[in-house]
Amino acid sequence: MKTWRRWLTLSLAMVMTLALMAPCARAAGDEKWWESTDISVWLNLADGHVQDADASFKLRKWSTETSWDKWNGTEPVWDTRRETYTRNTELQEVTGPCVRLPLGAEIEAHPKLLGSIRAYSDPDGDGIYDERLFRIKETPAGSNSGTPDTFEVLPVDTASPLTDKASAIERPRDYYLPFLSIHNGIDNLAGSGLGGCVKLTSDYLTKLFGPNTLVMVGLSLESGQQGSFWYLLTGEKADPAHLEKRNTTVTKGGYVASKWAVESVNQAYDNGLMPDFYTGTVRTAADADLTRDISRAQFAAVTVKLYEAMSGQKAPTAASGPFTDTSDPVINQAFALGFVTGMSDTIFAPSSPVTREQAALMLSRVYTKLGGEVPKVSATTFADDAAIHGWARDAVAFMSGKGIVNGMGENRFEPASGAAIQQALVIALRMFQNLK
């Protein structure tokens, strides 16, 4: 499988050159693409896809002119600016490598790697690719709210000139752009805020822009370097033999999960059950991995989200907690609500993996906090019942009896084993759906 591609250094200012992805080593069967040390983008086309190493395109772009609603003497007031877009009559010819994308193709990338997208369409086949213009309608909360703005793609034959309907200072804004920012998640464009992993599908892009469209996907790196990938949407169906399959894919919220868990993870996201598993101000590929073991701190955050979703109210804030090894406010919330306890009176061990019996106990505490009752039992039905601690036995029996937490095969519960983040979200969703 030679489907990894590595970014080649290129400045976007070099407008006469197109950047492409070059092959990068990948271990056979290794589905954890985020572990690569390369700045990489996954393309699910096998060696049968078409790469034109010396493509040539004629582009007809929009030109912009800035005006201001207000002036301070001889100086314009910057936030009152409006842009006016006019279609150029001159053509710009670009040459370089390009990948032809049939329907069924998928592009996936590390967190914050893909920054923007531009499109140039040639619906009449005359060889001239017209730059597409987007009308952006900002969310009422503003462009920094983290909620993707709404947008529409203007038709190729849209008459010019076009002037922004709201200045930069007016909220919510209504304006035009020749590109879209890329939000995290699946086909999520016109976004804002910190970005997670991104998945773009050729089916979505073709529906958005039409076939015979040249798409430029821009890169935005922490180092400040920039570049771009170029793709030509053919609108043709791909040969199934050329579409490779993986065990993981991008979820809502910009994470990566196993294919079997994606639907449940997306439902957990939609129902407000998913905490932010990214840490710090820089979103890394490792943070995006929902197949890694969930920590005690992360599971505590899941219990708070689950409580809020099932109760319909925000969890009260907690000013402090008894633990000396963490000041995480969410852990303090979970402790104050009675969902978690420490490994001792002062140690919580936030980075330690949560065990399956600990998880069952935390979930049962959420249930009882909501008014439910967990019956007392003398034993569970699992073959390894003797390995289950007494403090967890009631919770394990109840949660497994309700189908919230399942066994691990051969009628074993394996209480000391850990769980992946995606598994924790699946059981949280089951509890939300079945015990609400």
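Start at Phe 134, which stands opposite Leu 177 in strand E16. This is a predicted model, so please keep that in mind throughout. One register along, Arg 135 stands opposite Tyr 176, again in E16. These pairs belong to the contact between strand E13, residues 134-137, and E16. The two strands run antiparallel, and four bridges join them.

Now widen the view to the sheet. Which strands make it up, and in what order? Three strands, in the order E14-E13-E16. The sheet is open, and the pairing is antiparallel. E14 and E16 stand at the edges, each with a single partner strand, so one side of each has no neighbour in the sheet. The twist from one strand to the next averages 25°.

Stay with E16, residues 174-177. Are its faces covered or not? Both are covered. Asp 174 and Tyr 176 are buried on one side. Tyr 175 and Leu 177 are buried on the other. So E16 is an edge strand of the sheet, yet both of its faces are covered.

Next, charges. Side chains of opposite charge can pair when their charged atoms come close. How many salt bridges does the whole structure hold? The search finds 14.

Let me take Arg 135, since we have already met it opposite Tyr 176. Arg 135 forms a salt bridge with Asp 174, with the closest N and O atoms 2.7 Å apart. Arg 135 lies in strand E13 and Asp 174 in strand E16, so this pair ties together parts that are 39 residues apart in sequence. Is Asp 174 buried or exposed? Buried, with a relative accessible area of 16%. Arg 135 is buried too, at 18%. The cut-off for buried is under 20%.

Arg 135 has another salt bridge, to Glu 152. Here the N to O distance is 3.8 Å. Arg 135 sits in strand E13 and Glu 152 in strand E14, residues 150-153. They are 17 residues apart, and the pair links distant parts of the chain. Glu 152 counts as partly exposed, at 35% relative accessibility.

Put that together on the sheet. E13 is in the middle of the order E14-E13-E16. From E13, Arg 135 bridges to Asp 174 in E16. Arg 135 also bridges to Glu 152 in E14.

Another pair to look at is Glu 131 with Arg 118. Their closest N and O atoms are 3.3 Å apart, and they form a salt bridge. Glu 131 lies in strand E12, residues 128-131, and Arg 118 in strand E11, residues 114-121, so the pair ties together parts that are 13 residues apart in sequence. Glu 131 counts as buried, at 4% relative accessibility. Arg 118 counts as partly exposed, at 23%.

Which residues join up in a network of salt bridges? Arg 60, Arg 87 and Asp 130.

Arg 87 takes us to strand E8, residues 81-87. What sheet does E8 belong to? An open one of three strands, in the order E5-E8-E15, with antiparallel pairing. The edge strands are E5, residues 62-68, and E15, residues 162-163. Each of those pairs on one side only. E8 and E15 pair in the antiparallel sense over two bridges. Thr 84 has Thr 163 in E15 as its bridge partner.

To close, two open sheets to hold on to: E14-E13-E16, and E5-E8-E15. On the first, look at Arg 135, with salt bridges to Asp 174 and to Glu 152.

Note on methods
Residues numbered from 1 in each chain as written. Predicted model: local features only at pLDDT ≥ 70, side-chain atom pairs only at ≥ 80, totals over all residues. Heavy atoms only, no water. Pairing = 2+ DSSP bridges. Buried < 20%, exposed > 50% of the residue type's maximum accessible area, 1.4 Å probe, protein only. Salt bridge = Lys/Arg side-chain N within 4 Å of Asp/Glu carboxyl O. Axes fitted to C-alpha atoms, helices over the stretch in contact; angles between N-to-C directions.
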